Number of protein chains: 2
Amino acid sequence: MLDTRDESIGLFTSNTVKNIIRFLSANIKNFDITPEQWTVLKRLSENDGINQKELAIKAEKDQPTVTRILDILERKELILKKKNKDDRRSFILFITDKGIALKEELSPIIEEIWEAKILTGISEEDLKVYRSVLIKMNENIERS
Amino acid sequence: MLDTRDESIGLFTSNTVKNIIRFLSANIKNFDITPEQWTVLKRLSENDGINQKELAIKAEKDQPTVTRILDILERKELILKKKNKDDRRSFILFITDKGIALKEELSPIIEEIWEAKILTGISEEDLKVYRSVLIKMNENIERS
DNA sequence: ACTAATTAATTGTTATACTAATAATATACA
DNA sequence: TGTATATTATTAGTATAACAATTAATTAGT
């Protein structure tokens, strides 16, 4: 099933991603945040004060998705939106103290899950090849 | 950003999967079927006459998801559900002639997209390593 | 045979993603 | 200046997915 150069590669990759997300979700369940919300929060923490458009690009999500995730993060008081006086169409986004606290608590835990659980027993060389295949697939798609 | 053994590997994988799905969706848009529906239809075509529970396992999706995808495929008259006389809780699923026709038309097109576009320029050896990394991640998750 | 436990499928809720459409504002250019 | 175009964010609609709860039917245990 996995020995041809065909869509089974895609299905297998896609199913693995689902497994990873499910696994991560289960492991951070007590923190009341999903992996997608985590990604957005983390990107914002690295770029405090940007607008939604810029955050969408950093998080590699489209704008409607970011709008909705931000709604959730705002409800949880992890971020806040301030009106941009220079451009009244847009908001400037900030991570709150609560958001920073969560980020600092959760960051090492997630790193540990990756390092000690998901990537255990995979060599640096294989990971390098793995990455190069992903890069190549992305390039191929972009060129098409 | 991609040089540490951490969650960036997961984000990169996940974003690549999204790019592949988006690319495939765009390429098969005229056929009025999504990649997920395609997966279910294909699995059914390989196992005609099974029930939803079994199909969910083959397609690596949970039962509610399969129920909903089958609803769509049934609306499009690509599959049909017959009552199982031996077990009145379950249905037996069949691909229709229209479903078979679509499958035979689309199968080579999707194979070609993979072979000629997405996987172009990736060596068999690298693909083997790539697969082995996915397998290892899946094993690691299952053991945790 | 009867009750309890299990199973197949469905439904409900929430989250994510994509597309398209819209509102409000900003910019470009004639 | 005034109009057309572009941009930021939101909303609506559809699809996918996870999880919990429910319904109907079957199987197990006594």
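The following paragraphs describe a predicted model of two protein chains and two DNA strands, moving from the chain pair to the DNA and then to single residues. Because the model is predicted, local features are given only where pLDDT is at least 70 and side-chain atom pairs count only at pLDDT 80 or more, while totals for chains, interfaces and linings use all residues. Residues are numbered from 1 along each chain as its sequence is written, and chains are lettered from A and ligands numbered from 1 in the order in which they are written.

The two protein chains come first. Chain B superposes on chain A by a rotation of 180 degrees with 0.0 Å of shift along the axis, at an RMSD of 0.1 Å; the fit is by least squares on the C-alpha atoms of residues with pLDDT of at least 70 in both copies. This is the relation of a two-fold axis. The same surface serves both copies, since 100% of the contact residues of chain B recur in chain A. Among the residues of chain B, B:Tyr130 comes closest to the rotation axis, its C-alpha lying at 2.3 Å.

Where the chains meet, 41 residues of chain B are in contact with 41 residues of chain A; contact here requires two C-beta atoms, placed from the backbone, to lie within 7 Å. On the chain B side, two or more residues come from each of α1 (7-27), α5 (97-118) and α6 (124-143). Helices and strands are DSSP runs numbered from the N terminus (helices H or I of at least four residues, strands E of at least two). The largest share of that side, 13 residues, is supplied by α6(B). By class, the chain B side has 18 nonpolar, 13 polar and 10 charged residues. In this division Ala, Val, Leu, Ile, Met, Phe, Trp, Tyr, Cys and Pro count as nonpolar, Asp, Glu, Lys and Arg as charged, and the others, Gly among them, as polar.

The DNA strands are next. Around DNA strand C there are 24 residues, of which A:Glu36, B:Gln52, B:Lys53, B:Pro64 and B:Ser90 come nearest; a residue is near a strand if its C-beta atom, placed from the backbone, lies within 6 Å of it. Elements giving two or more residues to this surface are α2 (35-46) and α4 (63-75) of chain A, with α1, α3 (52-59) and α4 (63-75) of chain B. The most, five residues, come from α4(A). The surface near DNA strand C has five nonpolar, eight polar and 11 charged residues.

DNA strand D is surrounded by 26 residues, and the closest are A:Asn51, A:Gln52, A:Lys53, A:Ser90 and B:Thr34. Here α4(B) gives the most, with five residues. The surface near DNA strand D divides into six nonpolar, nine polar and 11 charged residues.

Within chain B, α4 packs against other helices. The axes of α3(B) and α4(B) come within 9 Å and cross at roughly 105 degrees, which makes α3(B) roughly perpendicular to α4(B). Axes are lines fitted to C-alpha atoms, for helices over the stretch in contact, and angles run from 0 to 180 degrees between N-to-C directions. Angles under 35 degrees count as roughly parallel, over 145 as roughly antiparallel, 65 to 115 as roughly perpendicular and the rest as oblique. In α3(B), B:Gln52, B:Lys53, B:Leu55, B:Ala56 and B:Ala59 meet B:Gln63, B:Val66, B:Thr67 and B:Leu70 of α4(B).

The axes of α2(B) and α4(B) lie 10 Å apart at an angle of about 90 degrees, so α2(B) is also roughly perpendicular to α4(B). This contact joins B:Glu36, B:Gln37, B:Val40 and B:Leu41 of α2(B) to B:Val66, B:Ile69, B:Ile72 and B:Leu73 of α4(B). Its residues are six nonpolar, one polar and one charged.

Three loop residues of chain A remain. A:Leu119 lies between α5 and α6 and is buried, with 21 C-beta neighbours inside 10 Å. The cut-offs are 20 or more other C-beta atoms within 10 Å for buried, 12 or fewer for exposed, and anything in between for partly exposed, with C-beta atoms placed from the backbone. Leaving aside neighbours within four places in sequence, A:Leu119 is in contact with A:Trp114 and B:Arg5.

Most residues other than glycine have a negative phi. A:Glu60, in the loop between α3 and α4, has a positive phi of about 55 degrees and is partly exposed, with 15 other C-beta atoms within 10 Å. A:Glu77, in the loop between α4 and β1 (79-83), has a positive phi of about 60 degrees and is exposed, with 11 other C-beta atoms within 10 Å.
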